[in-house]
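Reader: I've got a model open on my screen and a few things I'd like to ask. Could you walk me through it?

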Amino acid sequence: MTIAQISRDAGEPLMAMRAIEKSYGPVVVLKGVDLILRPGEVHGLLGENGAGKSTLMRIVFGLAQPDRGTIELAGKGTVRIESPRHALSLGIGLVSQELSLVPQLDVAQNIFLGSTQALHAIPRPELKRKAAEILAELAPHIDCSASVGSLGMADRQLVEIARTLARGGEIIAFDEPTSSLTPTEQENLFKVIAKLREAGKGIIYISHRMSEIRAICDVITVLRDGQVIMTDRTDAHDTDTINSMITGRELSNATSRARHASQSAGPDLLSLDRLTTDRVKSISASVKAGEIFGLAGLVGSGRSALLRAIFGIDPIRSGHLKVAGREVTIKSPSDAIAQGVAYLPEDRRGQAVVPMMSIESNFGLVSLSRYSRFGFIDFARRRAAIRKLSAELSIKPRNIAVPLGHLSGGNQQKVIIARWLATNAKIYLFDEPTRGIDVGAKAEIYELLQRLAAEGAAVVVVSSELPELLYLADRIGIMEDGHLNTVIENSETLTEDRVMKLMTAGVAQ
Ligand SMILES: Nc1ncnc2c1ncn2[C@@H]1O[C@H](COP(=O)(O)OP(=O)(O)OP(=O)(O)O)[C@@H](O)[C@H]1O
Ligand SMILES: [Mg+2]
């Protein structure tokens with residue numbers, strides 16, 4: 001079915017983007033994109049990291065201008081969307097991929113942030129009531145007067161969503177809104193989206209997770225390299241077909257278990273003995289050289305807090321840490337790095353990255369020592385290593401002189417992972433390593449983690465995606481309420497259901 005047919009089938013579109021082109025210097029990002037959004041439609045936008053999804057949304061929200069092409073809005077004709085403020089006044093909202101909250105302000109203030117227009121038009125108590133109402137539906141646990149700086153990633157994402165919803169609008173775009181949400185929070189969001197759809201709004205929804213796309217999108221558009229490959233009803237295509245449209249190739253079905261119990265693993269590389277911080281309680285566990293240790297648990301169960309403790313971010317109150325059998329004191333990330341510990345946090349913006357610096361220089365921020373001899377950095381050797389890693393992870397663009405801030409969200413994430421891979425770390429702590437990563441590159445990241453283990457590293461992976469843990473981990477530790485409750489061997493017979501039950505054992509009691 002063509003776009004023309006779809007729009008003919010369903011009356012007047014809310015928005016029609018036609019032949020949108022956009023380049024940044026020599027990089028052509030969008031090559032004539034058409035997107036028709038109808039009232040009461042949830043329209044999924046799919047594509048690999050760097051395909052141009054966020055760029056298209058930035059154009060819809062007035063954050064970037066197209067070089068060519070037109071945008072028509074129902075009742076308003078052809079418009080030029082000058083700025084986010086203009087977009088809001090035209091009834092367009094965007095929940096952007098990179099969160100833009102102000103940590104120093106409280107939740108309610110953040111929800112009103114930037115909506116001066118609304119502030120003038122609607123009385124403040126009314127706005128506040130509206131914000132509280134939206135939060136009640138979306139995230140009842142969030143306190144309107146809490147400071148955003150004290151919230152975890154998931155709650156920040158929910159506040160960002162609430163902020164866009166509070167501003168109203170006929171068209172709302174969500175750019176990977178669920179990347180840090182729990183299943184319950186995601187369900188709440190889907191309920192809210194269903195209501196918006198019933199109210200006749202047009203919703204654009206970007207996600208790398210096919211299960212979400214299937215759950216809520218009526219129609220999907222697949223973008224590849226800045227071109228529309230297809231627009232059609234979601235239920236008209238199976239997942240394999242859609243994945244191959246996204247990537248332009250057939251993907252191998254790597255769903256069978258890659259790992260088998262830790263027979264090949266070596267001696268304990270990382271040992272925790274009754275490790276206690278403000279968030280985790282008396283954790284004892286060890287991870288062997290050559291082992292991938294998965295951490296499962298609900299958001300807030302202490303998985304991320306445990307990684308932060310090992311990396312020297314959260315102060316250790318009591319207990320001991322051993323690296324390769326030797327007791328070590330880790331009081332800061334630099335202590336941890338000196339012990340050969342690498343850490344990928346869940347919040348990629350909290351990483352020591354400098355968006356204005358090139359990909360290559362961002363590597364330099366952590367991986368100098370490996371390429372220095374007698375105090376001099378061997379730039380040529382380092383550059384070759386970075387190029388090789390970029391190619392392996394298919395980081396786009398391949399030119400490592402490009403500023404990191406110009407990369408798509410998923411590609412920035414890949415650079416951060418690759419950067420650690422270029423160090424001499426022996427212990428890797430990964431918090432949600434494939435969040436925001438497209439379906440093709442996920443497999444590449446899995447392979448890299450497996451290779452690290454095969455080369456003798458100890459790898460700890462926190463993931464909210466159980467299939468990912470079942471695929472990767474040798475053993476899975478289950479955390480609940482700051483405690484490491486159980487550690488189970490991964491095997492062919494272990495199911496998602498069983499892990500899920502263990503995760504919520506305390507809740508069920
Ligand atoms: N300001 C900029 N300058 C130069 N290139 C840019 C700029 N913004 C985006 N690009 C390039 O545009 C391309 C598309 O990026 P975009 O962020 O739209 O991808 P995406 O589909 O949202 O990917 P992801 O799934 O990783 O979020 C990328 O190759 C990126 O490097
Ligand atoms: Mg994006």
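Reader: Let's start with α2: which of its residues are buried?

Author: Quick housekeeping: residues count from 1 along each chain as its sequence is written, while chains are lettered from A and ligands numbered from 1 in the order written. It's a predicted model, where local features need pLDDT of at least 70, side-chain atom pairs count only at pLDDT 80 or more, and totals for chains, interfaces and linings use all residues. Buried means 20 or more other C-beta atoms within 10 Å of a residue's own, exposed means 12 or fewer, partly exposed is in between, and C-beta atoms are placed from the backbone. In α2 the buried ones are Lys-53, Ser-54, Thr-55, Leu-56, Met-57, Arg-58, Ile-59 and Val-60.

Reader: And which elements each supply at least two residues of the shell around ligand 1?

Author: Helices (H or I, at least four residues) and strands (E, at least two) are DSSP runs numbered from the N terminus. A residue is near a molecule or strand if its C-beta atom, placed from the backbone, lies within 6 Å of it. By that count, the elements are β2 (27-37), α2 (53-60) and α15 (409-421).

Reader: Why does ligand 1 lie between two domains, and which ones?

Author: The bounds come from an automatic or database domain assignment. Both domains give residues to the shell, so ligand 1 lies between domain 1 (3-247) and domain 3 (350-421).

Reader: Is Ile-330 buried or exposed?

Author: Ile-330 sits in the loop between β15 (326-328) and α12 (333-338). Its C-alpha is 5.4 Å from that of Gly-312, 18 residues apart along the chain. Because Ile-330 has 20 C-beta neighbours inside 10 Å, it counts as buried.

Reader: What about Ala-16, leaving aside neighbours within four places in sequence: which residues is it in contact with?

Author: Ala-16 belongs to strand β1 (residues 15-24), and with 19 other C-beta atoms within 10 Å it is partly exposed. Contact here means C-beta atoms, placed from the backbone, within 7 Å. On that basis, the partners of Ala-16 are Ile-36 and Glu-72.

Reader: Over to β20: which residue of β19 stands opposite Val-460?

Author: Strand β20 (residues 458-462) has 5 of its 5 residues buried, so it is largely enclosed by the rest of the structure. Strands pair if DSSP finds at least two bridges between them, and β19 (residues 427-431) pairs with β20 in the parallel sense over 5 bridges. Opposite Val-460 in β20 stands Leu-429.

Definitions and conventions:
Contact = placed C-beta atoms within 7 Å.
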